[in-house]
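Subject: Structure handover

Hello,

Here is the structure I said I would pass on. My notes on what was found in it follow below.

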Amino acid sequence: MLRLSYVDAAGQKSDRAVEPAGLLTAHGKWYLIAWCRTRQAGRGFRLDRITAADPTGEQARPHDLADLLLGSAAASAGQPTTLASLIPPP
C-alpha cells in the first residue's frame with residue numbers, strides 16, 4: 001500500500017491511501033491505477049500530479065485492473081479500443 005500526496009486538475013491537494021494495481025499510459029500521460037481507500041473506489045492518478053509517495057509496508061490486496069479502470073477517471077483517458085483488451089468478455 002502507498003500513501004500519496006496528490007494534486008488534481010483543479011489544483012486541489014489531497015492525501016490518499018491507495019492499493020496499486022497497475023500503470024496505464026494514454027495520450028502521453030502515465031497513470032497509476034489503484035484502489036483508493038480514501039474514496040473507496042478505483043482511481044487513476046496521473047504520475048506527474050503525485051507530489052509524494054510513501055510505502056506503508058502493508059501488502060495491498062489483489063485487484064482486477066479492468067474493474068478498477070472502469071471506475072476510474074483514467075478510463076476516459078484511454079480510447080475504448082485501448083481498454084477493450086483489458087476487459088474480459090461477459
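A place to begin is the hairpin of S1 and S2, where five residues lie between the strands and Gly 11 takes a positive phi near 90 degrees. Please keep in mind that this is a predicted model.

The two strands of that hairpin, S1 (residues 2–7) and S2 (residues 13–26), run antiparallel and are joined by six bridges. One pairing to look up is Tyr 6, whose bridge partner in S2 is Ser 14.

S2 also pairs with S3: eight bridges join these strands, again in antiparallel fashion. The hairpin of S2 and S3 has two residues between the strands, and His 27 takes a positive phi near 55 degrees there. Thr 25 has Trp 30 as its bridge partner in S3.

How do the strands line up as a whole? The order is S4-S3-S2-S1-S5, an open sheet of five strands with antiparallel pairing. At the edges stand S4 (41–46) and S5 (50–55); each has a single partner strand, so one side of each is left without a neighbour in the sheet. From one strand to the next, the twist averages 45 degrees. As background, strands of a sheet pair through backbone hydrogen bonds, either parallel or antiparallel.

Trp 30 comes up again at the surface. This residue sits in strand S3, which covers residues 29–36. Is Trp 30 buried or partly exposed? Its relative accessible area is 45%, and it counts as partly exposed because that value lies between the 20% limit for buried and the 50% limit for exposed. Together with Leu 23 and Leu 47, Trp 30 makes a nonpolar surface patch of about 300 Å².

Now the chain as a whole. It has two helices and five strands, and along the sequence these follow the pattern β-β-β-β-β-α-α. The protein chain has 90 residues, of which 37% count as buried. Its accessible surface comes to about 5500 Å², and 54% of this belongs to carbon and sulfur atoms. Among contacts between residues at least 6 apart in sequence, 46% join residues at least 24 apart.

To find your way around, start from the S1 and S2 hairpin with Gly 11, go on to the S2 and S3 hairpin with His 27, and then look at the patch of Leu 23, Trp 30 and Leu 47.

Regards

Conventions:
Residues are numbered from 1 along each chain as its sequence is written. This is a predicted model: local features need pLDDT of at least 70, side-chain atom pairs count only at pLDDT 80 or more; totals for chains, interfaces and linings use all residues. Side-chain values use heavy atoms; hydrogens and water are left out. Patches are made of residues with over 30% relative accessible area and no salt bridge: like charges are joined within 9 Å, nonpolar side chains (Val, Leu, Ile, Met, Phe, Trp, Tyr) within 5 Å. Accessible areas come from the Shrake-Rupley method with a 1.4 Å probe; for residues, only the protein chains shown count as cover. A salt bridge is a side-chain nitrogen of Lys or Arg within 4 Å of a carboxyl oxygen of Asp or Glu. Helices (H or I, at least four residues) and strands (E, at least two) are DSSP runs, numbered from the N terminus. Buried means under 20% relative accessible area, exposed over 50%, partly exposed in between (1.4 Å probe, protein chains only). Two strands pair if DSSP finds at least two bridges between them. Axes are lines fitted to C-alpha atoms, for helices over the stretch in contact, and angles run from 0 to 180 degrees between N-to-C directions. Contact means heavy atoms within 4.5 Å.
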